[in-house]
Amino acid sequence: TAYSAPAMVVRPNGEVDITVEGPNNQLLYFSHTGSSWVKTVVEPSNTFSAPAMILRPDGEIDAVIETGGHRLLYLSHKTSSWTPYVLGGTNTTYSAPSMTLRPSGEVDIAVQGPANQLLYYNKTGSIWIISLVAGPNTTYSAPGVSVTSAGEAMIAWVGQNNLLSIASSYNPSVWAKGAIANGAYSAPAVTAFSYDGEAAFSGVNGTPNYCWFNDGAASCGPI
């Protein structure tokens, strides 16, 4: 029943929520309260990537996926129904998206765009802003995104020649970018704390690798 990597969040009361691509390009949502799982079909036939998911403090679940036509679809769920919003139009989205939530409520999304570009979406208030992080022929995997406690967005992805590439920014119109490791053969997982970013990825011969990075400095190696 599962055709992608799942996304998962845990509520303060212990409830587990999962989204995953299901059969026939469905987006499935599973919630667990008490001893039973409840399955809901969120999108019946328009899911073409693994989902990303966040949990807001008020209990709202938000998910984002690539859909048919290479669109980016954002879905929010607070009551009994899901509300869809087309965030990126036709031919804007070419990977599974990555998403994170800031304490302020701002949402940050990173995704591979057309011509192997890297696109960044962030929402403050009711307005979505789309920024180009890296231009054509720079992005060859789904990216990972996180935000430091200081408010700096951190993105990692596989660039040309299997280089692990990173970008960081306090202002989405200006990004500091660079390559920090050779031999990246999977989409990276990314997290951030304080002023630092961290990434993990599959390296040469499937060896797991870990990187720490911050403001031009980085340390990487096999685990």
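Tutor: In what follows, Ala, Val, Leu, Ile, Met, Phe, Trp, Tyr, Cys and Pro count as nonpolar, Asp, Glu, Lys and Arg as charged, and the others, Gly among them, as polar. This is a predicted model, in which local features need pLDDT of at least 70 and side-chain atom pairs count only at pLDDT 80 or more, while totals for chains, interfaces and linings use all residues. Residues are numbered from 1 along each chain as its sequence is written, and side-chain values use heavy atoms, with hydrogens and water left out.

Student: How do the residues of the lining of the largest pocket divide into nonpolar, polar and charged?

Tutor: A pocket is sought on a 1 Å grid over the protein atoms alone, as an open set of points where a 1.4 Å probe fits, with protein on both sides within 12 Å along at least five of seven lines, and lining residues have an atom within 4 Å of a point. The largest pocket is lined by 16 residues, of which Pro 97, Ser 98, Met 99, Pro 143 and Gly 144 lie nearest its centre. Sorted by type, the residues of this lining are 12 nonpolar, 4 polar and no charged.

Student: Which strands give two or more residues to the lining of the largest pocket?

Tutor: Strands here are DSSP runs (E, at least two residues), numbered from the N terminus. Two or more lining residues of the largest pocket come from each of strand S5 (52-55), strand S9 (98-101), strand S13 (144-147) and strand S17 (189-193).

Student: Which residue does a disulfide join to Cys 211?

Tutor: A disulfide is a covalent bond between the sulfur atoms of two cysteines, and it is recognised here as a pair of cysteine sulfur atoms within 2.5 Å. A search of the whole structure finds 1 disulfide. At 2.1 Å from S to S, it joins Cys 211 to Cys 220.

Student: Is Cys 211 buried or exposed?

Tutor: With a 1.4 Å probe and protein chains only, buried means under 20% relative accessible area, exposed over 50%, and partly exposed in between. Its partner Cys 220, at 34%, is therefore partly exposed. Cys 211, because its relative accessible area is 0%, is buried.

Student: Which residue meets Arg 56 in a salt bridge at 2.9 Å, N to O?

Tutor: A salt bridge is a side-chain nitrogen of Lys or Arg within 4 Å of a carboxyl oxygen of Asp or Glu, and the structure holds 7 of them. Arg 56 forms one with Glu 60, where the closest N and O atoms are 3.4 Å apart. At 2.9 Å, the side chain of Arg 56 also meets that of Asp 62.

Methods. Helices (H or I, at least four residues) and strands (E, at least two) are DSSP runs, numbered from the N terminus.
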